[in-house]
Amino acid sequence: MKWFDFHVHSKYSYDSIMSIDKIIKIGRKRGLSGLAIVDHDVFSRDKLKGDLKSIPEDFFILFGMEIKTDWGDLIALNTTDEVKSRAFMECIDEIKEKDGISILVHPYRKHKLEHMNEMVDSVDWIEVWNARSTQKQNNLALSLKGKKPYVVGSDAHLYREIGICKLGLPDFQNIDDIIRGVEEKKGQFEMKESPHNV
């Protein structure tokens, strides 16, 4: 079993100052074998350029972006490049075109609940626990666990939050193994609440 945090923000988000190098260092210290960097409305991989070579071979990073749409936040994960759309359903289409994975994140926080069924039906995965959400919001999200493949995330904006929520997956050797483990619903999760509920 290896552990992965599917929701981390770096200095390329407007509300975080965390460097990629230190995120990796702290993640490894806390028992993670990988994490997802999903900065707000920016595809951070395009910013890193040569720095990607400094990522250790035995630590896996999935790059994506957290998009503020008209219906609420959505993660575009592992896309070929930046997603430009900001309308929820258009984002879903664009993520598919870019060979990415769409994730409904913290679904009961700042989302238009009248569109919840459409959102759940259209995404690939659902984040069923977010450390920055309230217990009530997370319990509602957990009720969606049986509908789609699921992930959990710390929603870390500060170093002390990295890995506070993590998903355990069968011993993965590459990014494809991680995605396959989630798709096959083989994950088990450990989750805590961050003191930084939003």
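This report walks through the salt bridges, charged patches and a few individual residues of one predicted model.

A word on ground rules. Because the model is predicted, local features need pLDDT of at least 70 and side-chain atom pairs count only at pLDDT 80 or more, while totals for chains, interfaces and linings use all residues. Residues are numbered from 1 along each chain as its sequence is written, and side-chain values use heavy atoms, with hydrogens and water left out.

## Salt bridges

Side chains of opposite charge can pair when their charged atoms come close. Here a salt bridge means a side-chain nitrogen of Lys or Arg within 4 Å of a carboxyl oxygen of Asp or Glu. Searching the whole structure turns up 11 salt bridges. Here are some of them.

| Acidic residue | Basic residue | N to O distance |
|---|---|---|
| Asp171 | Lys2 | 3.0 Å |
| Asp58 | Arg28 | 2.9 Å |
| Asp81 | Lys98 | 2.6 Å |

Start with Asp171 and Lys2, whose side chains meet at 3.0 Å, N to O. Asp171 sits in the loop between strand E8 (166-169) and helix H6 (175-183), and Lys2 is in strand E1 (residues 2-8), so this pair ties together parts that are 169 residues apart in sequence. The element names follow DSSP runs: helices are H or I with at least four residues, strands are E with at least two, and numbering goes from the N terminus.

Next come Asp58 and Arg28, joined by a salt bridge at 2.9 Å, N to O. This pair links distant parts of the chain, with Asp58 in the loop between helix H2 (45-48) and strand E3 (60-68) and Arg28 in helix H1, 30 residues apart. How buried or exposed is Asp58? Asp58 counts as partly exposed because its relative accessibility is 46%, and Arg28 counts as partly exposed at 38%. The cut-offs are under 20% relative accessible area for buried, over 50% for exposed and partly exposed in between (1.4 Å probe, protein chains only).

In the third pair, the closest N and O atoms of Asp81 and Lys98 are 2.6 Å apart. Asp81 is in the loop between strand E4 (73-77) and H3, whereas Lys98 is in the loop between H3 and strand E5 (101-104), 17 residues away along the chain. Asp81 is partly exposed at 32% relative accessibility, but Lys98 is buried, with a relative accessible area of 16%. Glu94 comes in here too: salt bridges with shared partners join Asp81, Glu94 and Lys98 into one network.

## Charged patches

Which residues form a positive surface patch? That would be Lys22, Lys25, Lys29 and Arg30. Of these, Lys29 belongs to helix H1 (residues 20-29), and Lys29 counts as exposed because its relative accessible area is 71%. A patch takes residues with over 30% relative accessible area and no salt bridge, joining like charges within 9 Å and nonpolar side chains (Val, Leu, Ile, Met, Phe, Trp, Tyr) within 5 Å.

On the negative side, Asp70, Glu90, Asp93 and Glu97 gather in a surface patch. Glu90 is placed in helix H3. Met89 is in that helix as well, H3 covering residues 88-97. Met89 is partly exposed at 35% relative accessibility, and its C-alpha atom is separated by 16 Å from that of Asp41, 48 residues apart along the chain.

## Buried serines

Ser133 lies in the loop between strand E6 (125-130) and helix H5 (135-142). Ser133 counts as buried because its relative accessibility is 1%. What joins the side chains of Ser133 and Arg109? A polar contact of 2.8 Å does; the term covers a pair of N or O atoms within 3.5 Å, where within protein one must be able to donate a hydrogen and the other to accept it, and residues adjacent in sequence count only if both atoms are side-chain atoms.

Ser33 is in strand E2 (residues 32-40) and is buried at 16% relative accessible area. The C-alpha atoms of Ser33 and Gly168 are separated by 9.7 Å, with their positions 135 residues apart along the chain.

## Positive phi

Most residues other than glycine have a negative phi. Asn78 is not a glycine, yet has a positive phi of about 60°. Asn78 lies in the loop between E4 and H3 and is partly exposed at 28% relative accessibility. His106 also has a positive phi, near 25°. The place of His106 is in the loop between E5 and helix H4 (116-122), and His106 is buried, with a relative accessible area of 3%.

Notes. Areas by Shrake-Rupley, 256 points an atom, 1.4 Å probe, with all protein chains shown as cover. Lys, Arg positive; Asp, Glu negative; His and termini not counted. Charge placed at Lys NZ, Arg CZ, Asp CG, Glu CD.
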